[in-house]
Amino acid sequence: TENNARIWASCRELAILEFITELDLKNGLETVENYMNSLMTLRPAVLQQILVESESVLANRVFLYVAEKLHMPFFKELDLSQINLGTGKRVVVEGGKLDKKYLITVDRTEEENPF
């Protein structure tokens, strides 16, 4: 541009992690799932590097939980042992059930809802 202005933009792999970090997830993960359904072609190598460098344990856990749940093609190529998932349980969805692999509370299924 004429005034040398710069525009910063995230690649899709980073953008979804940034998005998860900013979302209010206490009512459920449906929004994350809806967005991730359109991200079937994320690049595993780029994603691996971003997840390894990520400082947000919660975003990492939510991303990986949803990616695995949706059977995302790139998921099987990730090395989870290199990704910081922290320790201890995290409440993500209020009143949700604990996912024992990622130690986050997630949406209850229809059968689990008392209503």
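Glu33 lies in helix H2. Start there, and keep in mind that this is a predicted model. Is Glu33 buried or exposed? Buried means under 20% relative accessible area. Glu33 has 14% relative accessibility, so Glu33 counts as buried.

What does the side chain of Glu33 make a polar contact with? The partner is the side chain of Lys69, at 2.7 Å. Lys69 also appears among the residues that Glu33 touches. The others are Val66, Leu70 and Asp107, leaving aside residues up to four places away in sequence.

Now move along to Met36. With residues up to four places away in sequence again left out, Met36 touches Ile16, Phe63, Val66, Ala67, Leu70 and Met72. Val66 and Leu70 are thus touched by Met36 and by Glu33.

Met36 leads into the core. The largest nonpolar core has 30 residues. Which of them have the most contacts inside it? They are Leu29, Met36, Val62 and Phe63. Several elements each supply at least two residues of this core: helix H1 (12–22), helix H2 (30–36), helix H3 (44–53), helix H4 (57–69) and strand E2 (104–106). H4 gives the most to this core, with 7 residues. There is a general pattern to recall here. In soluble globular proteins, nonpolar side chains tend to be buried together.

Next, look at how the helices pack. Take H1 and H4. Their axes are 9 Å apart, and the packing angle is about 115°. Angles of 65 to 115 degrees count as roughly perpendicular. H1 and H4 are therefore roughly perpendicular to each other. Their crossing is right-handed. Which residues meet there? From H1 come Ile16, Leu17, Ile20 and Thr21. From H4 come Ala59, Asn60, Val62 and Phe63. Two of these were named above: Val62 and Phe63 are among the residues with the most contacts inside the core. Ile16 and Phe63 also both touch Met36.

Then turn to H1 and H3. Here the packing angle is about 40°, and the axes are 9 Å apart. H1 and H3 are therefore oblique to each other. H1 passes H3 in a right-handed crossing. On the H1 side, the contact is made by Glu13, Leu14 and Leu17. On the H3 side, Val46, Leu47, Ile50 and Leu51 take part. Leu17 is one to trace in the structure: this residue of H1 meets H4 and also helps make the contact with H3.

Notes:
Residues are numbered from 1 along each chain as its sequence is written. This is a predicted model: local features need pLDDT of at least 70, side-chain atom pairs count only at pLDDT 80 or more; totals for chains, interfaces and linings use all residues. Side-chain values use heavy atoms; hydrogens and water are left out. A nonpolar core is a set of buried Ala, Val, Leu, Ile, Met, Phe, Trp, Tyr and Cys residues joined through side-chain atoms within 4.5 Å. Buried means under 20% relative accessible area, exposed over 50%, partly exposed in between (1.4 Å probe, protein chains only). Helices (H or I, at least four residues) and strands (E, at least two) are DSSP runs, numbered from the N terminus. Contact means heavy atoms within 4.5 Å. A polar contact is a pair of N or O atoms within 3.5 Å; within protein, one must be able to donate a hydrogen and the other to accept it, and residues adjacent in sequence count only if both atoms are side-chain atoms. Axes are lines fitted to C-alpha atoms, for helices over the stretch in contact, and angles run from 0 to 180 degrees between N-to-C directions. Angles under 35 degrees count as roughly parallel, over 145 as roughly antiparallel, 65 to 115 as roughly perpendicular and the rest as oblique. A crossing is left-handed if the near helix is turned anticlockwise from the far one by less than a right angle, and right-handed if clockwise.
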